[in-house]
Amino acid sequence: MTGLEKIRSERTRDYNPYADIAIADNLAELADRREKCPLSYSTTGPDGFWVATAYDDISALLRRNSRGVVSYPNSPFGVTDMKGGQKAMIPIEIDGPAHYQYRKLLDPFFAPAAIAELEPKVRKVAISLIDEFIEDGHCDFVPQFAFSFPGSTVMQLMGWPLAGGPMMASWVDTLLHGVRGATEDESNAARVAVMGKVREYFIDQIDRRRRSPTSDVTTFMLNVELDGRKLTEDELYDNFVLMMTAGLDTVNSVLAQSFVYLGGHQELWSQMFESPENLDLAIEEFLRWGSPAVPTRTVTDEGIVVRDLEIPVGERVHCPLAAANRDPKYYPEPDEVRLDRPLKPHLAFGLGPHRCIGSHLARMEMRVAYEELHRRIPEFRLDETKPPRDHLGLAWGTENVHILFAPGTRDAAAS
Ligand code: HEM
């Protein structure tokens with residue numbers, strides 16, 4: 001047995017990152033691992049991978065990026081490229097100086113001042129989405145709000161027609177989750193068809209901006225130069241696809257999961273609005289508690305030590321951020337959402353060079369969403385006849401959250 005086979009076999013405990021189970025059950029499994037074998041090896045997938053579960057290990061790994069680990073391929077099973085090839089996604093799977101260049105280009109669009117400018121438009125979107133179901137006294141919060149809302153926000157950031165938001169949201173849903181109830185082959189066929197439509201749509205938007213430039217991200221990306229050259233169509237496309245997928249599913253997930261929790265904790269739904277500080281604390285707690293992202297890193301240097309283990313070159317380590325953020329070492333009673341936690345920064349947005357570029361945007365979206373929803377729906381409960389269903393994968397989430405509330409009226413100011 002080689003050294004590598006030995007350390008793998010000593011710590012083997014299989015893990016399915018795509019298991020069809022509830023997020024809470026998966027977290028219970030990860031909590032058990034954290035206690036018994038915090039860094040375990042899973043033989044599942046094409047060539048196996050390690051699973052980190054402790055806050056300290058995951059933060060140490062993410063902080064290392066470009067120093068002994070790389071972010072490509074950013075998936076426990078190896079290939080993430082939705083085009084089916086082995087090409088790194090920009091910027092999330094690019095490391096070192098090239099990654100730094102891409103980040104430098106995009107950072108100004110995600111700075112707090114730029115995000116503050118977007119807020120009034122984002123609020124209008126929230127109000128009009130709520131208008132669509134407020135008179136009914138019930139809704140499925142996921143498709144009717146949580147998913148469409150960040151979709152429209154990203155459209156605004158890009159400078160694309162807002163009316164395309166729901167269509168883009170449904171495309172992203174198919175790309176990320178396939179077709180519900182269909183076979184894997186049927187889902188893949190649907191993904192390929194959607195990729196064609198998405199590409200057509202991108203090219204159309206790019207052409208429009210070439211003809212009439214404005215001050216949006218699309219125009220900027222078209223004109224920007226990297227090493228004295230413009231970005232290729234593939235580079236532009238990658239950036240835009242990532243923006244849509246990263247910006248949509250994550251915000252959707254935290255909003256949806258938080259609504260499941262709030263359905264059973266209406267006192268928190270009131271308490272959140274007792275002061276602006278409370279709302280900020282609640283947002284951070286929901287980000288911690290409902291962290292959807294699960295980055296993966298691959299070791300490139302000899303001698304990377306995580307915990308008591310020297311991980312050899314080529315090994316891949318999967319880092320469920322929700323596991324880090326539920327580590328009782330830093331968050332006592334981690335499964336509870338509490339507004340009085342000691343300030344230990346959560347890892348929901350990751351760490352190191354790839355730390356989420358959209359964190360200010362995400363926080364603003366969540367604040368606006370909660371404010372507008374609470375204004376119109378001060379009390380609600382979950383519809384117990386239609387329980388929520390979760391999924392794991394590259395961003396964990398909840399697919400449906402049926403809620404019941406007292407019907408209200410449409411917002412005259414927005415219509
Ligand atoms: C609650 C919402 C969000 C969460 C929890 C979240 C989480 C994350 C995490 C953990 C990463 C790092 C992944 C890694 O290290 O491999 C990341 C990267 C990224 N996120 Fe977010 N994200 C959110 C919202 C957004 C939004 C709204 C946007 C933009 C519209 C966005 C765009 C990106 C991009 C472009 C990257 C890649 C950054 C890079 O590689 O340098 N995210 N996000």
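This note goes through a predicted model of a protein chain with a ligand, point by point.

1. Overall form. The secondary structure of the protein chain comes to 15 helices and 14 strands. Its radius of gyration is 21 Å, close to the 22 Å that the globule rule gives for 415 residues, so the chain is as compact as a globular protein of that length. Taken along the principal axes, the box that the C-alpha atoms fill is roughly 70 × 55 × 45 Å.

2. Burial and contacts. Of the 415 residues in the protein chain, 42% are buried. When contacts between residues at least 6 apart in sequence are considered, 69% of them join residues that are at least 24 apart.

3. The ligand shell. There are 28 residues around the ligand, and those that come nearest are Gly-247, Thr-250, Pro-295, Cys-356 and Gly-358. Sorted by class, this shell holds 20 nonpolar residues, seven polar residues and one charged residue. Two helices, α11 (233-263) and α15 (359-376), each supply at least two residues of the shell, and the largest share, seven residues, comes from α11.

4. Helix α11. What span does α11 reach from its first C-alpha to its last? With 31 residues, α11 reaches 45 Å, close to the 45 Å expected at 1.5 Å a residue. The helix is also mostly covered, since 24 of its 31 residues are buried, and this is the helix that gives the shell around the ligand its largest share of residues. As background for reading any such helix in the viewer, an α-helix has 3.6 residues a turn, so residues three or four places apart point the same way.

5. The five-stranded sheet. An open sheet with mixed pairing has its five strands in the order β1-β2-β10-β7-β3. At its edges stand β1 (39-42) and β3, each with a single partner strand, so one side of each is left without a neighbour in the sheet. At one of these edges, β3 pairs with β7 (residues 296-299) in the antiparallel sense over two bridges, and here Val-70 has Thr-298 of β7 as its bridge partner.

6. The hairpin in that sheet. At the edge formed by β1, this strand and β2 (residues 49-52) pair in the antiparallel sense over four bridges, with Tyr-41 standing opposite Trp-50 in β2. The two strands form a hairpin with six residues between them, and in the turn Gly-45 has a positive phi of about 80°. For a reader following the side chains here, it may help that in a regular strand they alternate between the two faces of the sheet.

7. The three-stranded sheet. Another open sheet is built from three strands in the order β4-β14-β11, and its pairing is antiparallel. The edge strands are β4 (138-140) and β11 (381-382), each of which pairs on one side only. Between β4 and β14 (residues 402-404) the antiparallel pairing runs over three bridges, and Cys-139 has Ile-403 in β14 as its bridge partner.

8. Cis peptide bonds. Which peptide bond has an omega near 0°? The bond from Tyr-72 to Pro-73 does, and it is cis; Pro-73 is found in the loop between β3 (69-70) and α4 (96-110). The peptide bond from Ile-90 to Pro-91 is also cis, with omega near -5°, and the place of Pro-91 is likewise in the loop between β3 and α4. A reader checking the backbone may wish to look at this loop with both prolines in view.

9. Positive phi at Arg-307. Although Arg-307 is not a glycine, its phi is positive, near 60°. This residue sits in the loop between β8 (304-306) and β9 (309-311). Is Arg-307 buried or exposed? Arg-307 counts as exposed because 12 other C-beta atoms lie within 10 Å, and the limit for that class is 12 or fewer.

10. Positive phi at Glu-333. Glu-333, which is not a glycine either, has a positive phi of about 45°, and it lies in the loop between α14 (321-325) and α15. Glu-333 is exposed too, because it has 9 other C-beta atoms within 10 Å. The helix that follows this loop, α15, is one of those that supply at least two residues of the shell around the ligand.

Methods
Residues are numbered from 1 along each chain as its sequence is written. A residue is near a molecule or strand if its C-beta atom, placed from the backbone, lies within 6 Å of it. Ala, Val, Leu, Ile, Met, Phe, Trp, Tyr, Cys and Pro count as nonpolar, Asp, Glu, Lys and Arg as charged, and the others, Gly among them, as polar. A residue is buried if 20 or more other C-beta atoms lie within 10 Å of its own, exposed if 12 or fewer, and partly exposed in between; C-beta atoms are placed from the backbone. The radius of gyration is taken over C-alpha atoms; the globule rule is 2.2 Å times the number of residues to the power 0.38. Two residues are in contact if their C-beta atoms, placed from the backbone, lie within 7 Å. Two strands pair if DSSP finds at least two bridges between them. The expected span of a helix is 1.5 Å times one less than its number of residues.
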